[in-house]
Every structure is written in C-alpha cells, then in structure tokens.
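Visitor: Please bring up the model. I have some questions about its aromatic rings and one of its pockets.

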Amino acid sequence: MTVNLYRLTTGEDIVGAPQDIKHTKTHTAIKKPFVLIPMQGKPGENTRIGFQPYIPYSEDEIIMIKNDNIICTTNPGDNIKSTYEQNTTNLVKPNNKIVM
C-alpha cells in the first residue's frame, strides 16, 4: 500500500493513501486520511504522535483535498506508515526483528 505524508497550508500533517482514481487537476484524493498530533509526554520522554481522523464525522472513506492547500508530499517514516496501516486495515503484520 502506498502511504504519503502531506503538509497542508494550515500547518497540519496528514497521512493517507493517495487514490489515482479520483485525482483531478485541482484536488488530490486521499483514502482514510489521519492528522498527526504531537503529544508531549512527561519531562525527559520523547514526543509521541497521535492519529486523529482528518474529518472524524464524515462517512466518506476518500477525502478530496484542494491541491492549493498541499504544501508538499513526502514518504512517511516506517513507524508512521506502520501505525497508519494498523489503524486502517484488519491485517496484523509480524515484527521483522530477530529475537535472541
């Protein structure tokens, strides 16, 4: 599954699966987009990232975002992509780490 990270003019970071089927000259179709929300932990802990549905009250699975509102599109890190896939599919992927 292709997963992209989008920075919007609003400052939001959106992660989602681009959909070529509904791509137009003015809009980009993103399947199941989530907003990434930095969450500060206790002092000395790393910042965690929360996932919130982009438009939580919509029944639509594919959201059209105006191209003028997208500053850039990048590939997300492995942790972001893995968490997105866990939140949007029923598949559980095995951990590839070797345990000794």
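Guide: Ring pairs link F34, F51 and Y84 into a cluster. The model is predicted: local features need pLDDT of at least 70, side-chain atom pairs 80 or more, while totals for chains, interfaces and linings use all residues. Numbering starts from 1 along each chain, and side-chain values use heavy atoms, without hydrogens and water.

Visitor: What kind of aromatic pair do F34 and Y84 form?

Guide: Rings of Phe, Tyr and Trp (its six-membered ring) pair with centres within 6.5 Å; planes under 30 degrees apart are stacked, over 60 edge-to-face, the rest tilted. The count is two aromatic pairs. For F34 and Y84, the centres are 6.0 Å apart and the planes meet at 85°, so the pair is edge-to-face.

Visitor: How many residues apart in sequence are the parts that this pair ties together?

Guide: Helices (H or I, at least four residues) and strands (E, at least two) are DSSP runs, numbered from the N terminus. F34 lies in strand β3 and Y84 in helix α1 (residues 78-88), so the parts tied together are 50 residues apart.

Visitor: Is D60 buried or exposed?

Guide: D60 sits in the loop between β4 (48-53) and β5 (62-66). Buried means under 20% relative accessible area, exposed over 50%, partly exposed in between (1.4 Å probe, protein chains only). D60 has 55%, so D60 is exposed.

Visitor: How far apart in space are D60 and K32, C-alpha to C-alpha?

Guide: In sequence, D60 and K32 are 28 residues apart. In space, their C-alpha to C-alpha distance is 8.4 Å.
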